[in-house]
Amino acid sequence: MALLEIASLSLSFGPLKALKDIDISVESGAIVAVLGANGAGKTSLLKSVSGLYRPQSGSIRFDGMDLLSMPPHSLIRHGISHVPEGRRVFPTLTVEENLRLGVFALRRAPVGRAYKASRDWCFELFPILKDRRNQFAGTLSGGEQQMLAIARGLVSKPRLLLLDEPSLGLAPIVIKDIFRAVRQIHTEEGVTILLVEQNAKQALSIAKSAYILELGGIAFKGGAEELARDERIREAYLGGKAVAGRG
Ligand code: ATP
């Protein structure tokens, strides 16, 4: 059964149609990628799921609940966590303090051992954060800040993680580390992940299925392996080369 079901979703900003009649289904436990160029509507889609944008029509259901009728701050209590584009860590707080903010909005925030267990799992995923736990987040590299942003989204133990362009602006070696961790989040804890990316090659290498947005509409959808082999997708999104290294 789908954990997240988006149906006939449309969102406009004045005359601009940012999302046009979008249908997306995310099975429980899967990684689903949403790909597309700059301005295709990827961020608008994630912000609609987390309640930051209010679409004019359509529906978004999470585990049977109607998300469009819920205030954004309540979503974390239902197990939805949004890691926004551009990292957005608090630079004058330490790594540890940033992580604590990840559970701040929970009605019953995990305290003591429960909090430490989820924090320690984040430290296992990103060991560098453990080394830097007392350092101000503003002193971290771009890659480390992205790791912290993901970890902050994970300490609340979400069922659904919305990840917006985690590879943006990072060096290839760091991108590899981030994608390794995203795969690990999914395999170790079964977290369902809706991953928005411009880096189609990396995203298709870890996703089960993918949707490709063009000008607010879905241009292609299918299994990730199938899309990675598709000539049209390779031409437009993968530099014409086959995707290597799935598995
Ligand atoms: P990027 O990779 O650059 O983030 P994207 O695929 O995430 O691109 P969106 O940010 O969702 O695309 O933008 C889709 C369209 O909606 C763009 O034309 C953008 O200018 C417009 N848009 C997004 N947010 C707003 C807003 N708050 N007000 C007006 N227009 C907006």
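**Exercise 1. Find which residues are closest to the ligand, and pick out the polar contacts around it.**

Start with the neighbourhood: the ligand is surrounded by 15 residues, and Asn-38, Gly-39, Lys-42, Thr-43 and Ser-44 are the closest. Keep in mind that you're working with a predicted model.

Next, go through the N and O atoms, using a cut-off of 3.5 Å for a polar contact.

- Ser-44 has a side-chain N or O atom 2.6 Å from an oxygen atom of the ligand.
- Ala-40 uses its backbone instead: an N or O atom there lies 3.0 Å from a ligand oxygen.
- Glu-85 brings in its side chain, with an N or O atom 3.1 Å from an oxygen atom of the ligand.

Finally, check the cover: on its own the ligand has 630 Å² of accessible area, and the protein covers 65% of that.

**Exercise 2. Work out the strand order of the four-stranded sheet, and say what lies across it.**

Begin with the hairpin. Strand β1 (residues 2–13) and strand β2 (residues 16–27) run antiparallel and are joined by eight bridges. Two residues sit between these strands, and Gly-14 in the turn has a positive phi of about 60°. To check the register, look at two pairs: Ile-6 is matched with Ile-24 in β2, and Leu-9 with Ile-22 in β2.

Now find the other partner of β1. That's strand β4 (residues 57–62), which pairs with β1 in the antiparallel sense over five bridges. Ile-6 turns up again here, with Ile-60 as its bridge partner in β4.

Put the pieces together and you get an open, antiparallel sheet in the order β2-β1-β4-β5. Its edges are β2 and β5 (65–66), each paired on one side only.

Last step: look for a helix. Helix α1 (residues 42–49) lies across β1, β2 and β4, at about 120° to β1. Two residues from Exercise 1 fall in view again, as Lys-42 and Ser-44 are among the closest to the ligand.

**Exercise 3. Do the same for the six-stranded sheet: order, edges, twist and helices.**

First, write down the order: β6-β7-β8-β3-β9-β10, an open sheet with mixed pairing. The edge strands are β6 (80–83) and β10 (217–223), and each of them pairs on one side only. From one strand to the next, the twist averages 15°.

Second, zoom in on one pair. Strand β7 (residues 160–164) and strand β8 (residues 192–197) are parallel, with five bridges between them. Within this pair, Leu-162 faces Leu-194 in β8. What holds such pairs together? Strands of a sheet pair through backbone hydrogen bonds, in either a parallel or an antiparallel sense.

Third, add the helices. Helix α5 (residues 142–154) lies across β6 and β7, at about 165° to β6. Helix α6 (residues 172–189) lies across β3 (31–35), β7 and β8, and its angle to β8 is about 155°.

Notes: Residues are numbered from 1 along each chain as its sequence is written. This is a predicted model: local features need pLDDT of at least 70, side-chain atom pairs count only at pLDDT 80 or more; totals for chains, interfaces and linings use all residues. Side-chain values use heavy atoms; hydrogens and water are left out. Two strands pair if DSSP finds at least two bridges between them. Axes are lines fitted to C-alpha atoms, for helices over the stretch in contact, and angles run from 0 to 180 degrees between N-to-C directions. Contact means heavy atoms within 4.5 Å. A residue is near a molecule or strand if one of its heavy atoms lies within 4 Å of it. A polar contact is a pair of N or O atoms within 3.5 Å; within protein, one must be able to donate a hydrogen and the other to accept it, and residues adjacent in sequence count only if both atoms are side-chain atoms. Accessible areas come from the Shrake-Rupley method with a 1.4 Å probe; for residues, only the protein chains shown count as cover.
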